[in-house]
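Subject: Handing over the structure

Hi,

Here is the structure I promised to pass on to you. Have a look at it first, and then read my notes below.

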Amino acid sequence: MKKQILKVGTVAVMLCSMLTAQSVIGQETNTKITQEEKEELVNATFTVYGNCGMCKKRIEKAALSVDGVKEANWDVETKVLSVKFSDITFGEHNYSINTVSEKIAAAGHDTQFNKASEDVYNALPGCCQYDRKE
Ligand SMILES: [Cu+2]
């Protein structure tokens, strides 16, 4: 009888420490990305068509609106967008990159994977209407 009580007590202590450990892990993932996590970010680049600084803002904003994307940088000269996203959140690279590309096309910019619709493209400010490939 005494042995059983002891066992229950041990299990309770184990459960307790497990719960504590879990809540600590939960807290860590809720905080901003640490240096270690930053190193686990995956970098991907692809071409996005645009003209100017306004395009840059629009493209980067669209990229950053996708969950898991931590950094986005579009180069006006080379037309190359560089995105860093969390590999923990998105195991499949293609899924994440396709989503980013689709969001950018929806904002009016053709990418090497997706085309923006005529309507969205025509709604861009004149200076942002880049030359489209036929
Ligand atoms: Cu522009």
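Which residue in β3 stands opposite A72? The partner of A72 is V83. Before I go further, two notes on how to read all this. Residues are numbered from 1 along each chain, following the sequence as written. The model is predicted, so local features need a pLDDT of at least 70 and side-chain atom pairs count only at pLDDT 80 or more, while totals for chains, interfaces and linings use all residues.

**Confidence**

pLDDT is the predictor's confidence in each residue, from 0 to 100. The chain has a mean pLDDT of 78, with 63% of its residues at 70 or more. Over residues 9-31 the pLDDT is below 50, and this stretch has zero contacts in the model beyond near neighbours in sequence. Two residues are in contact if their C-beta atoms, placed from the backbone, lie within 7 Å. Where pLDDT is low, the predicted coordinates should not be read in detail.

**Overall layout**

The chain has five helices and three strands. Helices (H or I, at least four residues) and strands (E, at least two) are DSSP runs, numbered from the N terminus. Their order from the N terminus is α-α-β-α-β-β-α-α. Of the contacts in the chain with a separation of 6 or more, 56% are between residues 24 or more positions apart.

Of the 134 residues in the chain, 19% are buried. A residue is buried if 20 or more other C-beta atoms lie within 10 Å of its own, exposed if 12 or fewer, and partly exposed in between, with C-beta atoms placed from the backbone.

**The strands**

Strand β3 (residues 80-86) pairs with β2 (residues 69-74) in the antiparallel sense, over five bridges. Two strands count as paired if DSSP finds at least two bridges between them. Besides the A72 pair, W74 stands opposite L81 in β3. Strand β1 (residues 41-47) is also antiparallel to β3, and seven bridges join the two. Here V42 stands opposite F85.

V42 belongs to β1 and is partly exposed, with 16 other C-beta atoms within 10 Å. The C-alpha atoms of V42 and V69 lie 9.5 Å apart, although 27 residues separate the two in sequence.

In a regular strand the side chains alternate between the two faces of the sheet. You can follow this along β3: L81, V83 and F85 point to one face and are buried, whereas V80, S82, K84 and S86 point to the other and are not.

The hairpin of β2 and β3 has five residues between the strands. K79 sits in that loop and has a positive phi of about 65° although it is not a glycine. Most residues other than glycine have a negative phi, and most peptide bonds are trans. K79 is partly exposed, because 19 other C-beta atoms lie within 10 Å.

**The core and helix α3**

The largest nonpolar core has 18 residues, and those touching the most other members are I59, A63, V69, L81, V83, V100 and I104. The elements giving two or more residues to this core are α3 (53-64), β2, β3 and α4 (93-106). A nonpolar core is a set of buried Ala, Val, Leu, Ile, Met, Phe, Trp, Tyr and Cys residues joined through C-beta atoms within 7 Å. Residues up to four places away in sequence aside, I104 touches V48, I59, A62, A63, H109 and T111.

In α3, the buried residues are C55, R58, I59, A62 and A63. Seen down the helix axis, they fall within an arc of 130°, so they line one face of α3; the arc is that of the directions from the helix axis to the C-beta atoms. The face turned away from this buried side carries the exposed residues G53 and K57.

K56 is also in α3 and counts as partly exposed, because it has 18 C-beta neighbours inside 10 Å. Leaving aside neighbours within four places in sequence, K56 is in contact with G50, W74 and V76. The C-alpha atoms of K56 and W74 are separated by 5.9 Å, with the two residues 18 apart along the chain.

Enjoy exploring it!

Best wishes
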